[in-house]
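Here's a quick briefing for anyone opening this one for the first time. Have a look at the model, then read on.

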Amino acid sequence: MFSIKDLEIEVGGKKIRFETGKIGRQAGGSVVVTQGETTVFCTACSANEPSLQIDFSPLRIDYQEKFSSAGRTLGGFIKREGRPTEKEILTSRLIDRPIRPLFPEGFSYEVQLLSYVWSYDGIHAPDVLAICGASAALMISDIPFKKPIAGVRVGYINGQFIVNPSMPEMEKSRLDLVLAGTENAILMIEGHANFLSEDEMIQAVETGHKAIKEICCSIKEWAVKVGKPKSNKPLFLIPQNTLQTVKEVCLKELEQVLSITAKQERAEAEALVKSKVMQKLCPDGDESKYKISDVKTSFKRVTAEVMRKIIVEKNIRCDGRKSTDIRPIHIESSILPRVHGSALFTRGETQSVAVCTLGGENMGQRYEDLHGEWSSKFYMQYSFPPFSVGEVGRVGAPGRREVGHGKLAERSLKAILPKTEDFPYVIRLESNITESNGSSSMASVCGGCLAMMDAGVPIIAPVSGIAMGLILEGDKVVILSDILGIEDSLGDMDFKVAGNKEGITAFQLDIKIEGITLDIMREALLQAKVGRNEILDIMIKACPLSKKELSAYAPRIEHIQVKQSKIGLIIGPGGKMIRSIVEETGVQVDINDEGIVSLVSNDAAAMEKAKNIILELVAEIEVGKTYTGPVTSVMPFGVFVEVLPGKEGLCHISELDKERVNDIHEYIKAGTVITVKALEINEKGQVRLSRRALL
């Protein structure tokens with residue numbers, strides 16, 4: 001019934017199996033990718049009609065992790081997967097970035113790539129399998145796609161670079177690098193590290209690219225054998241006469257416009273030139289001679305050509321800088337009086353207002369994934385409102401770009417966090433982008449670092465971030481430090497690097513063309529190091545050390561270590577005891593499985609009260625120690641006294657007084673508070689008390 005065709009590749013000593021022909025046969029291309037017991041299903045489909053009204057590649061990529069793949073269901077009321085999680089968004093971006101540049105020019109048909117994790121063994125990561133699977137689905141489909149890509153993960157464990165390490169192995173790794181590319185070039189890298197050097201970074205990329213070459217070559221051969229014939233749908237290329245006419249109309253004016261240093265003035269002048277071009281070639285929207293979309297795209301290409309030519313020939317950028325220059329930097333700390341820590345970081349026309357908030361365990365970012373339910377003690381949230389670029393637009397839940405930028409900045413700073421035992425706070429960072437002209441994610445790294453220092457977080461060392469660009473024209477290569485928005489849009493590379501003078505903590509690379517060699521990447525890393533350190537020196541001058549004292553508005557945290565056997569006493573039946581402590585004192589109380597009780601409050605007296613209640617709950621009765629407590633019951637042979645909350649001992653009738661007690665019920669009543677001494681605790685844990693010993 002099924003015509004199953006499969007491919008098996010060995011990567012890093014582990015086999016990856018690709019299979020098609022059994023599942024999803026009506027899709028343009030469908031592939032099941034398996035490694036170990038992790039299985040990812042990937043499909044590729046394209047629309048029959050072109051999308052001619054948009055000037056970018058109409059590509060949609062979605063990755064979804066089915067909780068059933070790990071034998072789990074979602075923990076909330078709704079058990080069906082819905083809005084994508086942060087992990088799914090980030091993985092979708094990992095698939096998108098290397099694939100997008102490889103569609104043929106003029107291919108305007110919407111393409112949708114879907115990837116589903118159907119089985120997960122907790123050992124083999126599904127994200128890199130999804131990259132390979134999406135590529136294979138495209139290659140065997142009828143969708144025109146230039147060449148296969150592949151993705152791998154590289155770890156650095158005990159001085160060795162390992163391709164596609166297992167999830168348990170990654171817990172020991174100093175590096176988490178995901179890279180993707182073709183057999184000839186790297187197109188995307190993403191990851192974070194514990195202060196890796198530039199040379200180690202290049203070695204990691206070289207190691208990963210060797211595996212990528214093997215996968216790409218195998219997929220290419222497999223696609224020739226089992227793939228469908230490629231579609232002959234027409235490509236919508238810009239007519240050369242349109243491009244030439246636009247160039248003749250606006251070339252000289254653009255040369256002047258792109259020399260205007262201020263972004264807003266330059267944008268206004270550019271818009272005016274574009275308006276003139278549109279009016280001349282398409283008066284009143286007339287498309288009889290030139291199509292409006294072709295004229296707009298041609299104008300963008302001419303703009304790119306002019307900008308690139310000025311940079312390559314004159315080494316002058318739009319804002320007047322040379323290729324290695326960093327924009328002017330302005331830093332202010334403590335700009336917001338009531339927050340725990342804040343900083344204003346301005347680099348040229350890019351600006352971040354960063355805020356640091358400290359809190360207890362309940363402020364942790366809770367999330368759920370295939371491994372279980374977790375809470376993150378450090379997280380960064382990045383926002384990019386439309387006013388930051390002088391526009392109107394959508395405001396609401398963060399988009400994929402905002403999620404990606406926030407996670408990159410978060411990973412950049414994670415390596416400098418103090419140990420939990422030294423600083424037990426949950427740390428929440430915000431980066432509010434208030435101006436943007438390129439590299440706002442790296443401004444978020446710098447601003448976030450300064451905000452933590454202002455909040456009194458004892459970081460290991462300050463870090464900074466920088467975005468690098470590239471202009472590649474023939475054999476001429478110009479690497480740009482601290483790129484502008486226009487250089488990102490019209491250039492060939494966006495390479496973000498964060499770290500300090502010791503090494504790199506995070507990186508993200510997107511390349512729009514093939515032809516960037518490891519030598520160029522090495523040069524970019526070294527130039528980035530110089531720029532990164534220049535920015536870092538300015539940051540340290542503005543804020544040399546973290547504040548010694550926390551803000552008056554920040555909560556105080558104390559930890560109490562109790563025996564694990566006492567956890568139930570503190571929590572109480574159905575959480576009754578811990579709730580009563582919170583209600584009585586107003587102190588936030590959390591306890592983990594190791595018996596660490598966390599108390600969070602701004603009120604020192606309330607903190608002390610809650611602490612005493614907990615210490616009394618978990619206290620053990622000690623022989624020879626004196627206790628005061630109520631009589632809980634009176635018996636003919638003696639009385640039971642509650643010496644600690646929930647803990648009683650027996651004071652025998654002979655130990656109540658120096659004199660003989662004839663009628664115990666006349667002598668003492670239940671509820672009477674007396675002071676007693678612990679005489680003995682027997683092997684059954686029963687406590688013998690004496691009041692007589694204290695008289």
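Helix α5 passes helix α6 in a right-handed crossing, meaning that the near helix is turned clockwise from the far one by less than a right angle (anticlockwise would be left-handed). This is a predicted model, so local features need pLDDT of at least 70 and side-chain atom pairs count only at pLDDT 80 or more, while totals for chains, interfaces and linings use all residues. Residues are numbered from 1 along each chain as its sequence is written, and side-chain values use heavy atoms, with hydrogens and water left out.

**The α5 and α6 pair**

- α5 covers residues 240-257 and α6 covers residues 263-281; helices here are DSSP runs of H or I with at least four residues, strands are E runs of at least two, and both are numbered from the N terminus.
- The two axes come within 10 Å and cross at roughly 165°. Axes are lines fitted to C-alpha atoms, for helices over the stretch in contact, and angles run from 0 to 180 degrees between N-to-C directions.
- That's why α5 and α6 are roughly antiparallel to each other (over 145 degrees earns that label, under 35 is roughly parallel, 65 to 115 is roughly perpendicular and the rest is oblique).
- On the α5 side, the contact (heavy atoms within 4.5 Å) is made by T245, V246, V249, C250, E253, L254 and V257. The α6 side brings in R266, A269, E270, V273, K276, V277, K280 and L281.
- Sorted by class, the contact of α5 with α6 has nine nonpolar, one polar and five charged residues. Ala, Val, Leu, Ile, Met, Phe, Trp, Tyr, Cys and Pro count as nonpolar, Asp, Glu, Lys and Arg as charged, and the others, Gly among them, as polar.

**The α1 and α8 pair**

- Helix α1 (residues 86-99) and helix α8 (residues 400-414) have axes that come within 10 Å and cross at roughly 100°.
- This crossing makes α1 roughly perpendicular to α8.
- E86, I89, L90, S92 and R93 of α1 meet R400, R401, V403, G404, H405, K407 and R411 of α8.
- The contact of α1 with α8 splits into three nonpolar, three polar and six charged residues.

**A three-stranded sheet**

- Three strands make an open sheet in the order β22-β24-β23, with antiparallel pairing; strands pair if DSSP finds at least two bridges between them.
- β22 (556-561) and β23 (588-591) are the edge strands, and each pairs on one side only.
- From one strand to the next, the twist averages 20°.
- β22 is joined to β24 (residues 596-601) by six bridges, and I557 stands opposite V600 in β24.
- Four bridges join β23 to β24, with D590 opposite S598 in β24.
- β23 and β24 form a hairpin with four residues between them, and G595 in the turn has a positive phi of about 85°.

**Residues worth a look**

- R317 sits in the loop between α7 (292-314) and β11 (329-333). R317 is buried, with a relative accessible area of 2% (buried is under 20%, exposed is over 50%, and partly exposed is in between, using a 1.4 Å probe and protein chains only).
- Setting aside neighbours within four places in sequence, the contacts of R317 include I311, K322, D325, L480 and E487.
- N500 lies in the loop between β20 (493-499) and β21 (504-511), and counts as buried at 6% relative accessibility.
- Not counting residues up to four places away in sequence, N500 touches F195, A461, P462, V463, R532, N533 and L536.
- Most residues other than glycine have a negative phi. F195, in strand β10 (residues 186-196), has a positive phi near 55°, and F195 is buried at 17% relative accessible area.
- S334 also has a positive phi, about 55°. S334 is in the loop between β11 and β12 (341-347) and is partly exposed at 38% relative accessible area.

**The whole chain**

- The protein chain has 15 helices and 29 strands.
- Its C-alpha trace spans about 120 × 65 × 50 Å along the principal axes.
- Of the 695 residues, 52% are buried.
- Among contacts between residues at least 6 apart in sequence, 69% join residues at least 24 apart.
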